[in-house]
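User: Hi! Could you walk me through this model and take my questions as they come up?

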Amino acid sequence: MKMRVITGEYRGRKLETPAGYDIRPTSDKVKESIFNLLMGCIDDSVFCDLFAGTGSLGIEALSRGAERCYFCDKSRESIGIIKRNVQHCHAEEKSVILQGDFTKGLNRINEKVDVFFIDPPYGDSLYEKCLEMIENLDLLAVNGIIIAEHDSQDQISEKVGGFVRVRRRRYGKTTVSIYRKEADMIRESEDLQEEV
């Protein structure tokens, strides 16, 4: 499966992909759809590509104007691919590459993150655990977004702790769910009422 950076500073750069199927890269079609959903949220943002695989999503975010991206994966093969892809795009200064499972990765982030992208191995039921840990560590920035890519047959909770699902898009066998802090949404609703 060939991958490339779709648009932005690194547009057209070809990215290294795994020889086997242990890593499941997000397709260009789904990647483009995700960034369409994020329109206006990328510039100067802090992004986290959890279960990063090849780093394709995080590199795309950097290409489109993100200030920094944390790449996290427990696989040594994945970390090697991410490092080579980041170097190929000359994005080292904007990248923080963390080897370890998601718990180790999240514990090593020492700033608020504007956009989390979560794409664990399908069937591992790690989505809720990730959201719970992000909430417990208070890592999501005000008005931040969590994007979960999952199998369309997976039943993921509409509410996890203080996060609620605000959007769900299906692309064949793949579904993208977007979560936000419930408190942010309540505050925005109150602000709108005051303006009326």
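**Chat about the model**

Analyst: Happy to! Let's start at H90, which is exposed, with a relative accessible area of 61%. Here exposed means over 50% relative accessible area, buried means under 20%, and partly exposed is in between (1.4 Å probe, protein chains only).

User: Before we go on, what should I know about the model and the numbering?

Analyst: This is a predicted model, so local features need pLDDT of at least 70 and side-chain atom pairs count only at pLDDT 80 or more, while totals for chains, interfaces and linings use all residues. Residues are numbered from 1 along each chain as its sequence is written, and side-chain values use heavy atoms, with hydrogens and water left out.

User: Thanks. Where is H90, and what is its phi?

Analyst: H90 is in the loop between α3 (76–88) and β5. Its phi is near 55°, a positive value in a residue other than glycine. For the labels, helices (H or I, at least four residues) and strands (E, at least two) are DSSP runs, numbered from the N terminus.

User: What about phi of D44?

Analyst: That one is near 60°, again a positive value in a residue other than glycine. D44 is found in the loop between α1 (28–37) and β3, and at 59% relative accessible area D44 is exposed.

User: On to β3, then. How is that strand placed in the structure?

Analyst: Strand β3 covers residues 46–50, and five of the five are buried, so the strand is largely enclosed by the rest of the structure. V46, C48 and L50 point one way, with F47 and D49 pointing the other way.

User: Which strands does β3 pair with?

Analyst: Two partners to mention. With β4 (residues 68–73), β3 pairs in the parallel sense over five bridges, and F47 stands opposite C69 there. With β6 (residues 113–118), β3 also runs parallel, joined by four bridges, and L50 stands opposite I118. Pairing here requires that DSSP finds at least two bridges between two strands.

User: How does the whole sheet line up?

Analyst: Eight strands form an open sheet with mixed pairing, in the order β5-β4-β3-β6-β7-β10-β9-β8. The edge strands are β5 (95–99) and β8 (159–160), each pairing on one side only. At the β8 edge, two bridges join β8 to β9 (residues 163–171), and these run antiparallel. V160 stands opposite F163 in that pairing.

User: And what sort of unit do β3, α2 and β4 make?

Analyst: Together they make a right-handed β-α-β unit. Right-handed means that, with the strands pointing away from the viewer, the path from the first strand over the helix to the second runs clockwise.

User: Is α2 mostly covered or uncovered?

Analyst: Helix α2 (residues 56–63) is mostly covered: eight of its eight residues are buried. Among them are L57, I59 and L62, along with E60. Just after the helix, G65 takes a positive phi of about 115°.

User: Different topic: what is E9 in contact with?

Analyst: Leaving aside neighbours within four places in sequence, E9 is in contact with S63 and K94. Contact means heavy atoms within 4.5 Å. E9 also has its C-alpha atom 9.1 Å from that of E60, and the two residues are 51 apart along the chain.

User: Where does E9 sit, and is it buried or exposed?

Analyst: E9 lies in the loop between β1 (3–4) and β2 (14–15), and at 55% relative accessibility E9 counts as exposed.

User: Last thing: how many aromatic pairs are there?

Analyst: The structure holds two. The rings of F35 and F47 have their centres 6.4 Å apart and their planes at 15°, so that pair is stacked. F35 lies in helix α1 and F47 in strand β3, so the pair ties together parts that are 12 residues apart in sequence. Both F35 and F47 are buried. The other pair is F51 and F102, which is tilted, at 5.8 Å centre to centre with 35° between the planes. As for the cut-offs, rings of Phe, Tyr and Trp (its six-membered ring) pair if their centres lie within 6.5 Å; planes under 30 degrees apart count as stacked, over 60 as edge-to-face and the rest as tilted.

User: Where are F51 and F102?

Analyst: F51 is in the loop between β3 and α2, and F102 is in helix α4 (residues 102–107), so this pair links distant parts of the chain, 51 residues apart. F51 is buried at 17% relative accessible area, and F102 counts as buried at 12%.
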